[in-house]
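Biologist: I am new to this structure and would like a close look at one part of it, the empty space enclosed inside. Could you take me through what lines that space, and then through the helices beside it?

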Amino acid sequence: MFMRFVEMKLDPERLAEFHKVYDERVMPVFNATPGCLYASLIQSTDRPGECISMTLWDKQQSAEAYEKGGTYNQLMEGVSQYLADASEWKVRLSDDLTMNYEQVTEEPVVEAFQVTAPSMARSIPEESALFVRIVAPQVRPGKAEEFQRIYQENVLPVLRTVKGCRYVYLTKSASDKDRFMSVTIWNSKEDAAAYEQSGLFQELTGKLGTTLSEVYQWRMQLQKTKQDPDSPTKDLEVEGYTIVTGKNFL
């Protein structure tokens, strides 16, 4: 499978309107697009103006055909009015040589990842899943294969047993072989929080420790010598998202 993320910064005052447009106009397009298995709009719990359109595809070629065929551009044109204006400005010199200032609309960030470790045979989320947790580890150069092996053998089986954890995906960037994201989908935000507070997240991260960045290694050493009371997992980028709308197209 293949996972695609489109990160958008939206006008906070028009979020509810955008949610409705995504559900009523964007979702039907994904449903009719060959190879699209699942689509969802997820919203950051810490930064409500930041949303991600998260889609699952049967293969990378299907996702690329969707984008190259012009459908993606058409959808973005339809929702561009809801995007937040960036703080940057561009200067245009007019025909009469006077300068005009135009505010630049924040461009969505598109990222694509190959799913290397789906959670189970039926690995397409159902609509009742409510919370998404994304962890972006910093993997050391040359350690990608070892990281992937340890995750599949030691992390994935444990996550499958955690209360409230419905789906688990280890994804690998299509453009950077050392960039991974662990995506878990939960029954609730509370279930995800309980998992982290139980210490299991730190324990599983420790299993991956030898493959993580030098910063993580340094944190581990400081903690062992009690020079730094903070957990080394603070150096992992962890984001939480509420699923605004999600649909399974199977």
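Modeller: In this predicted model, the largest cavity is lined by 16 residues, and those lying nearest its centre are Val-135, Tyr-151, Ser-182, Phe-201 and Leu-208. Four elements give two or more residues each to this lining, namely strand E7 (131–136), helix H4 (144–159), strand E9 (180–186) and helix H6 (200–207). Of these, H4 gives the most, with four residues. Sorted by class, the lining of the largest cavity holds 12 nonpolar residues, three polar ones and one that is charged. The space in the largest cavity comes to about 180 Å³.

The two helices named in that lining, H4 and H6, can also be followed as a pair. Their axes come within 9 Å and cross at roughly 165°, and because an angle over 145 degrees counts as roughly antiparallel, H4 and H6 are therefore roughly antiparallel to each other. As for the hand of the crossing, H4 passes H6 in a right-handed way. On the H4 side the residues that meet the partner helix are Ile-150, Asn-154, Val-155, Val-158 and Leu-159, while on the H6 side they are Leu-200, Leu-204 and Lys-207. By class, this contact is made up of six nonpolar residues, one polar and one charged.

The structure holds two cavities of 30 Å³ or more, so the second of them belongs in the same account. About 130 Å³ of space lies in the second largest cavity. Fifteen residues line this second cavity, and Tyr-22, Val-26, Phe-30, Ser-53 and Met-76 are the closest to its centre. The elements that give two or more residues to its lining are strand E1 (2–9), helix H1 (15–32), strand E3 (50–57) and helix H3 (71–79). The lining of the second largest cavity has 12 nonpolar residues, two polar and one charged.

Here, too, the two helices of the lining can be taken together. The axes of H1 and H3 come within 11 Å and cross at roughly 160°, and with 145 degrees again as the cut-off, H1 and H3 are therefore roughly antiparallel to each other. Their crossing is right-handed. From H1 the contact draws on Phe-18, Val-21, Val-26, Val-29 and Phe-30, and from H3 on Thr-71, Leu-75 and Val-79. Seven of the residues in this contact are nonpolar and one is polar, with no charged residue among them. Val-26 and Phe-30 thus come up in this contact as well as among the residues closest to the centre of the second largest cavity.

Strand E7, which was named in the lining of the largest cavity, also leads to an open space, the second largest pocket, to whose lining E7, helix H5 (189–197) and strand E10 (237–248) each give two or more residues. This pocket has a volume of about 210 Å³. The largest share of its lining comes from H5, with five residues. Among the residues that line the pocket are Phe-131, Arg-133, Lys-189, Glu-196, Gln-197, Val-238 and Glu-239. By class, the lining of the second largest pocket divides into five charged, four nonpolar and three polar residues.

How values were computed. Residues numbered from 1 in each chain as written. Predicted model: local features only at pLDDT ≥ 70, side-chain atom pairs only at ≥ 80, totals over all residues. Heavy atoms only, no water. 1 Å grid on protein atoms, 1.4 Å probe; cavity = no way out; pocket = protein on both sides within 12 Å on 5 of 7 lines; lining within 4 Å. Points joined across faces, edges and corners; volume = space filled by probe spheres on them. Nonpolar A, V, L, I, M, F, W, Y, C, P; charged D, E, K, R; others polar. Axes fitted to C-alpha atoms, helices over the stretch in contact; angles between N-to-C directions. Parallel < 35°, antiparallel > 145°, perpendicular 65-115°, else oblique. Left-handed = near helix turned anticlockwise from the far one by under 90°. Contact = heavy atoms within 4.5 Å.
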